[in-house]
Amino acid sequence: MMSSIRVHTAIIGAGHAGVECACALRSMGITAPIALISDESHPPYERPPLSKALLHGGTDITRIMLRSPAVFEKLDLLRIEGDAVTQLDPATQTLRTASGQAIEFEHAVLATGAVARGLPGLSGPGVFSIRNVGDSLALQAALVPGSRLLVVGGGYLGLEAASTAAKLGVEVVVLEVADSIMPGKVSAITADRFAQMHRGAGIELVHDIAVKSWRYGDGQWHAEMTDGRVFSAPTVLVAIGAAANIAVAEQAGLQCQGGIVVDENCRSSAPNIYAIGDCAIAVRPELQRAMRIESVQNAMSQARIAASAIAGKAAAPTRAPTFWSEQQGRRLQMAGIVDPDKPCEDTVVETARGWVVERHQDGRLVAVEAVDSPAEFVRAVQRLNAPQAVAA
């Protein structure tokens, strides 16, 4: 058995949230040992390129590192890679990794991210998801020009991968059970325009219908739809969202409700243990309800909030979450949260290269979408974050 190591802060997970938390702690004057622990053997890397540039082959893992080797050296972290945390004990403030390494901590930060959701009856050869570098490279190898791909799920990830696959010369069909693409994420205006773009690129969009059953035979997956149609392909990408990776949190007895429950300082139900990013669920002041937000910006914001609490500093005010996607060579930027239980009034403004949609509820601007309109997006986000009077 290995001897125990003691650190000031143990950060479990080395994605955007974990790395940003380590950087923030150092910038706030924490000079004591910090451990950054990852179950992946790669140095920390960016996630957005997994369904775009990396999948296409336009970049490689060495070019999507979150920080350079020089920056990591300056941060002076205890980096543990390829060794997952399997046990977390809040009472003794100790964690243990798969290799048997024991680490004692004053503070722990869970930045464990999320795991891809699967579908019953759909697993085995030719079935992929995209959550890490290995997933992306494995799917890339299957996207041979002239082949066929079924994408299950018409959200951001599914459509980004579909767009990338079409550029590689792959015939693509997207299956979405909702009545439009990016359901619940964007306005009908933006959804309709992107649907036209995808169809113009040769992608077949099949929505407002469900898959009845899956069958594998003759080297292909066959999706039988509820209307009797059958779509077949040797390769299937399951892109139906992700679930918070809370296995370690549950083992530790932390309060979880579809995510690790945290307060406004990202503190969990256990003293000195925090959760940030995709694995955390927190109350959003805009809606006064707890929710989990999958966004790089949210992950980094929560990382700084947790670091501030650990370092005894005042946290920056909460701002509207932002999101982005690239599909068919167009950049979609979004900010804010729409309450799904209330009607939404959408206003579209055409710009030089794209458009902006402002979304209002109860007389207030609550969200904005911008396509190829970065300057307009910045101005809209400033308005979104400013105090607003209710329209008469």
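**View 1. E40 and R47 are joined by a salt bridge.** The closest N and O atoms of the two side chains lie 3.0 Å apart. A salt bridge here is a side-chain nitrogen of Lys or Arg within 4 Å of a carboxyl oxygen of Asp or Glu. E40 is buried, at 14% relative accessible area. R47 is partly exposed, at 28%. Buried means under 20% relative accessible area, exposed means over 50%, and partly exposed lies in between (1.4 Å probe, protein chains only). The model shown is predicted: local features need pLDDT of at least 70, side-chain atom pairs count only at pLDDT 80 or more, and totals for chains, interfaces and linings use all residues. Residues are numbered from 1 along each chain as its sequence is written, and side-chain values use heavy atoms, with hydrogens and water left out.

**View 2. R6 and E104 form a salt bridge between distant parts of the chain.** The closest N and O atoms are 3.2 Å apart. R6 sits in strand β1 (residues 4-12), and E104 sits in strand β6 (residues 102-110). The two residues are 98 residues apart. Helices (H or I, at least four residues) and strands (E, at least two) are DSSP runs, numbered from the N terminus. E104 is partly exposed, with 30% relative accessibility. What can bring such side chains together? Side chains of opposite charge can pair when their charged atoms come close. By the salt-bridge rule, the count comes to 21.

**View 3. R284 and E286 meet in a salt bridge.** Their N-to-O distance is 2.7 Å. R284 is buried, with a relative accessible area of 8%. E286 is partly exposed, at 38%. Elsewhere, salt bridges with shared partners join E20, R67 and R304 into one network.

**View 4. Helices α1 and α8 pack against each other.** Helix α1 spans residues 16-27 and helix α8 spans residues 296-311. Their axes are 8 Å apart and meet at an angle of about 35°. Axes are lines fitted to C-alpha atoms, for helices over the stretch in contact, and angles run from 0 to 180 degrees between N-to-C directions. The crossing is right-handed. That term applies if the near helix is turned clockwise from the far one by less than a right angle, and left-handed applies if anticlockwise. From α1, the contact uses H16, A17, E20, C21, A24 and L25. From α8, it uses V296, A299, M300, A303, R304, A307 and I310. Contact means heavy atoms within 4.5 Å.

**View 5. Helix α4 has its buried residues on the same side.** Which residues of helix α4 (residues 133-142) are buried? They are V133, S136 and L139. These residues cover an arc of only 135° around the axis, so they share one side of α4. The arc is that of the directions from the helix axis to the C-beta atoms. An α-helix has 3.6 residues a turn, so residues three or four places apart point the same way. The cover over the buried residues of α4 includes α2 (53-56), β8 (127-128) and β15 (235-238). At the start of α4, a side-chain oxygen of N132 comes within 3.1 Å of the backbone nitrogen of G134.

**View 6. T190 in helix α6 is buried.** Helix α6 covers residues 188-200. T190 has a relative accessible area of 0%. Its side chain makes a polar contact with the side chain of W355, at 3.2 Å. A polar contact is a pair of N or O atoms within 3.5 Å; within protein, one must be able to donate a hydrogen and the other to accept it, and residues adjacent in sequence count only if both atoms are side-chain atoms. T190 touches L332, W355, V357 and E369, leaving aside residues up to four places away in sequence.

**View 7. T112 meets N245 from a loop.** T112 lies in the loop between β6 and β7 (114-116). The C-alpha atoms of T112 and N245 are separated by 5.8 Å, although the residues are 133 residues apart along the chain. A polar atom of the T112 side chain lies 2.7 Å from the backbone oxygen of N245. T112 touches I12, N245 and C279, not counting residues up to four places away in sequence.

**View 8. D208 and Q288 have positive phi values.** Where is D208 placed? D208 is in the loop between β11 (204-207) and β12 (211-217). Phi of D208 is near 65°, in a residue other than glycine. D208 is exposed, at 56% relative accessibility. Q288 is in the loop between β19 (280-284) and β20 (289-291). Phi of Q288 is near 55°, again in a residue other than glycine. Q288 is exposed, at 62%.
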